[in-house]
Amino acid sequence: MLTLIEKHYNKHKEDLRLQRRHGMVEYAVSMHYIHKYLETLGEKREVKILDVGAGTGRYTIALKNEGYSAEAVELVQHNIDVMKKNDPEIKVRRGDAREMPFIEDKSYDLVILFGPLYHLPLEEDKVKALEEAKRVTKDGGIIMVAYLMNDYSMLTYCFAENRMADLMKSGFVDEEFHVRTPEGELYDYVRLEDIDRLNGKVGLKREMIFSPEGAADFMRTQLNQMTDENFELFIKYQMQMASRPEVVGAGSHVVDVVRVG
């Protein structure tokens, strides 16, 4: 029987998301910071990268094509099929971020965890995924973890769609306007203090935290109407703004950069 995640990604065109303008901002900024930390991890030919929950492999394939040893773990077979179609030589294994027994301890210099924690509403499952990422990362290595942000969902899905009162009555949103995702829902949303709590439980030390898209998800229509010149300037703007405190947490998601050991 297909899981909720599998049903979603069998229909959702994940391979196209990062090719739309709001996704292009996210991708460009994320790659900027990936490269920043790769430079601290050693010579390109020696650095090993694992992309967990790799989707259709946009980051894995790009990094492999740059000459890195980049491999993927992905849960959804449809995404794996698309990834293999895009690059038949990509090394990808099917698996769950919470349990990867086929990967040895301390095997990778950089572990990318851009998708899995979106889909784990239970804190204990988030902790398992972070502990597994920590286990397979070398001492001194980097983990980059993406989270969907609570207050983006408050504004776009709750208030903008005129659903807030009903969602609070049902208990999906509490009196502090925090999503309380029940088990079985597809997406979960957090605040910065939730991420700090998870890091504390797993023993991860933050290097930095940034917002890959900033206001881009709020500005999809405007981005599509921009000239190419102004769109390129928006990407440069977001690269400079991504880690500023007034931006982090305001976008649709953040990437937490943590070091192991």
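Helices (H or I, at least four residues) and strands (E, at least two) are DSSP runs, numbered from the N terminus. The model is predicted, so local features need pLDDT of at least 70 and side-chain atom pairs count only at pLDDT 80 or more, whereas totals for chains, interfaces and linings use all residues. Residues are numbered from 1 along each chain as its sequence is written, and side-chain values use heavy atoms, with hydrogens and water left out.

**Exercise 1. Place Lys126 in the fold, decide whether Lys126 is buried or exposed, and list its contacts.**

Step 1. Lys126 belongs to helix 6, which spans residues 123–136.

Step 2. Buried means under 20% relative accessible area, exposed over 50%, and partly exposed in between, with a 1.4 Å probe and protein chains only. Lys126 counts as buried because its relative accessibility is 4%.

Step 3. A contact means heavy atoms within 4.5 Å. Leaving aside neighbours within four places in sequence, Lys126 is in contact with Leu117, Leu120, Pro121, Asp188, Val190 and Leu198.

Step 4. For a distance along the fold, take Gly95, which is 31 residues from Lys126 along the chain; the C-alpha atoms of the two are separated by 15 Å.

**Exercise 2. Describe the largest nonpolar core and what surrounds Ile34.**

Step 1. A nonpolar core is a set of buried Ala, Val, Leu, Ile, Met, Phe, Trp, Tyr and Cys residues joined through side-chain atoms within 4.5 Å. The largest has 43 residues, of which Ile34, Leu38, Ile49, Leu63, Leu110, Met144 and Phe210 touch the most other members. Helix 3 (residues 21–38) supplies the largest share of this core, eight residues.

Step 2. Not counting residues up to four places away in sequence, Ile34 touches Tyr59, Leu63, Leu110, Ile112, Phe114 and Met144. Another core, of 30 residues, lies apart from this one, and its members include Met100, Tyr108, Leu198 and Val260.

Step 3. Turn to helix 4 (residues 58–65), where Tyr59, Thr60, Ile61, Ala62 and Leu63 are buried. Among the elements that cover these buried residues are helix 3, strand 1 (48–52), strand 2 (69–74), helix 5 (77–86) and strand 4 (108–113). After helix 4 comes Gly67, whose phi is positive, near 105°.

**Exercise 3. Work out which residues line the second largest pocket and how they divide by type.**

Step 1. On a 1 Å grid over the protein atoms alone, a pocket is an open set of points where a 1.4 Å probe fits, with protein on both sides within 12 Å along at least five of seven lines, and lining residues have an atom within 4 Å of a point. The volume of the second largest pocket is about 230 Å³, a volume being the space filled by probe spheres set on the points, which are joined across faces, edges and corners.

Step 2. The lining consists of Ser153, Tyr157, Cys158, Glu161, Arg163, Leu167, Phe172, Val179, Glu185, Leu186, Tyr187 and Tyr189. Ala, Val, Leu, Ile, Met, Phe, Trp, Tyr, Cys and Pro count as nonpolar, Asp, Glu, Lys and Arg as charged, and the others, Gly among them, as polar; the lining divides into eight nonpolar, one polar and three charged residues.

Step 3. Helix 7 (residues 150–159) gives the largest share of the lining, three residues. In helix 7, Asn150, Tyr152, Ser153, Met154, Thr156 and Cys158 are buried, and their cover includes strand 5 (137–148), helix 8 and helix 10 (220–225).

**Exercise 4. Explain why the Phe159 and Phe177 rings count as a tilted pair, and set them beside Phe234 and Tyr237.**

Step 1. Rings of Phe, Tyr and Trp (its six-membered ring) pair if their centres lie within 6.5 Å; planes under 30 degrees apart count as stacked, over 60 as edge-to-face and the rest as tilted. The whole structure holds eight aromatic pairs.

Step 2. The ring centres of Phe159 and Phe177 are 6.3 Å apart and their planes stand at 35°, so the pair is tilted. The pair links distant parts of the chain, 18 residues apart, with Phe159 in helix 7 and Phe177 in the loop between helix 8 (164–170) and helix 9 (192–202). Phe159 is partly exposed at 48% relative accessible area, and Phe177 is partly exposed at 34%. Phe177, a residue other than glycine, has a positive phi near 60°.

Step 3. For Phe234 and Tyr237 the centres are 6.0 Å apart and the planes at 50°, so this pair is tilted. Both residues lie in helix 11 (residues 228–241), three residues apart, about one turn of the helix. Phe234 is buried, at 9% relative accessible area, whereas Tyr237 is partly exposed at 44%.
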